[in-house]
Amino acid sequence: MENVPGPRPVVGASMHMVVIRDDSADVLSAVLNFDRGRGLVVDADEPPSSRFVKGDKVFLAYTAGDSIFAMRGEISEVISPKRVYVMALGPAVEMEKREYIRAIVAIRSALVVSAVPPDGDAVLVETSVELSASGFRWFGRASAVAGDTAWLCLDLEDGANARLVLQSVVVRAEPCGNSFEVAGRFVDIKPDARETIIDRVFRRRLSELGIKAGRSLDDDA
């Protein structure tokens with residue numbers, strides 16, 4: 001059975017654009033500016049580390065509904081240092097959940113096991129959380145069993161008051177050393193929350209490679 005092509009991104013949609021070269025890759029936050037049919041005009045938040053070049057291969061990842069889609073393409077025109085015309089090399093393909101990029105991040109968080117969302121007084125503490133677009137692994141003290149409804153509270157602003165409170169269902173809970181490991185799957189996560197998670201995961205994975213926001217950490221320019 002053939003795969004059904006996925007939906008194209010809509011104008012204004014946030015995405016991640018991976019610029020692929022022989023010896024490097026830049027991951028940039030971007031927005032779809034215009035859809036010309038076969039090709040897409042994409043605006044990056046900032047130029048890649050070694051400027052866009054006609055012929056660069058790119059990989060676009062974006063959300064649509066509750067799913068993540070990927071589209072491969074090639075830069076056929078460099079419009080400005082941050083704007084390119086990407087010619088699609090094939091249809092959009094839905095990424096399977098096991099393909100979702102994930103990373104372990106140190107973050108202020110709390111896991112609240114409850115049928116209803118916490119009322120805002122959950123105490124967030126610094127802990128390790130493995131995040132992906134589809135779920136998480138949380139390491140800390142928690143009384144949870146598989147099937148429980150839980151709420152993952154995250155402070156993604158490094159001390160600011162902004163929080164994400166994500167509904168999930170526990171799929172696994174077991175001892176891990178002197179603590180616990182709780183794995184959960186997100187339920188009805190909103191597109192903007194999913195995009196925030198994806199952005200944090202991408203940035204974490206980039207930092208592990210010595211890259212920050214699409215640039216080398218050694219690049220002071």
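**Reading strands, cover and ring pairs**

Tutor: With two residues between them, β5 and β6 form a hairpin, and this is a convenient place to begin, provided we keep in mind that the model is predicted.

Student: What joins β5 to β6, and in which sense do the strands run?

Tutor: Strand pairing is read from bridges, and at least two of them are needed for a pair. Here strand β6, residues 83-88, is joined to β5 by six bridges, and the two run antiparallel; one place to look is S80, whose bridge partner in β6 is R83.

Student: Which other strands pair with β5?

Tutor: Strand β4, residues 57-64, pairs with β5, residues 67-80, in the antiparallel sense over eight bridges, and within that pairing T63 has I68 of β5 as its bridge partner. Strand β7, residues 93-94, also pairs with β5 in the antiparallel sense, over two bridges, and there A70 stands opposite V93.

Student: Which strand pairs with β6 over five bridges?

Tutor: That strand is β3, which is antiparallel to β6, and V42 stands opposite V84 of β6.

Student: How should I read the two sides of a strand such as β3, and how many of its residues are buried?

Tutor: In general, the side chains of a regular strand alternate between the two faces of the sheet. In β3, residues 39-44, G39, V41 and D43 point one way while L40, V42 and A44 point the other way. The strand is mostly covered, for six of its six residues are buried.

Student: Is H16 buried or exposed, and why?

Tutor: The idea is to compare the relative accessible area with a cut-off, and buried means under 20%. H16, which is found in strand β1, residues 14-20, has a relative accessible area of 3% and is therefore buried. Leaving aside its neighbours within four places in sequence, H16 is in contact with several residues, including V27, F59, D199 and F202.

Student: And P91, in the loop between β6 and β7: is this residue buried or exposed?

Tutor: The cut-off for exposed is over 50%, so P91, at 53% relative accessibility, counts as exposed. Once neighbours within four places in sequence are set aside, P91 is in contact with P5 and A70. P91 also lies 8.5 Å from P7, C-alpha to C-alpha, although the two are 84 residues apart in sequence.

Student: How many aromatic pairs are there, and how are they arranged?

Tutor: Planes under 30 degrees apart count as stacked and those over 60 as edge-to-face, with the rest called tilted. By this rule there are two aromatic pairs. The rings of Y62 and F69 have centres 6.2 Å apart and planes at 25 degrees, so this pair is stacked; Y62 is buried at 1% relative accessible area, and F69 is buried at 7%. The rings of F136 and F186 have centres 5.8 Å apart and planes at 35 degrees, so that pair is tilted. This second pair links distant parts of the chain, with F136 in strand β10 and F186 in strand β13, 50 residues apart.

Student: Where does the charged end of R36 sit?

Tutor: The charged end of R36 sits over the ring of Y85, 4.8 Å from the centre of that ring.

Student: And how many helices and strands does the chain contain?

Tutor: The chain has one helix and 15 strands, and buried residues make up 43% of its 221 residues.

Definitions and conventions:
Residues numbered from 1 in each chain as written. Predicted model: local features only at pLDDT ≥ 70, side-chain atom pairs only at ≥ 80, totals over all residues. Heavy atoms only, no water. Helix = DSSP H or I, 4+ residues; strand = E, 2+ residues; numbered from the N terminus. Buried < 20%, exposed > 50% of the residue type's maximum accessible area, 1.4 Å probe, protein only. Contact = heavy atoms within 4.5 Å. Phe/Tyr/Trp six-rings, centres within 6.5 Å; stacked < 30°, edge-to-face > 60°. Lys NZ or Arg CZ within 6 Å of the ring centre and 35° of its normal.
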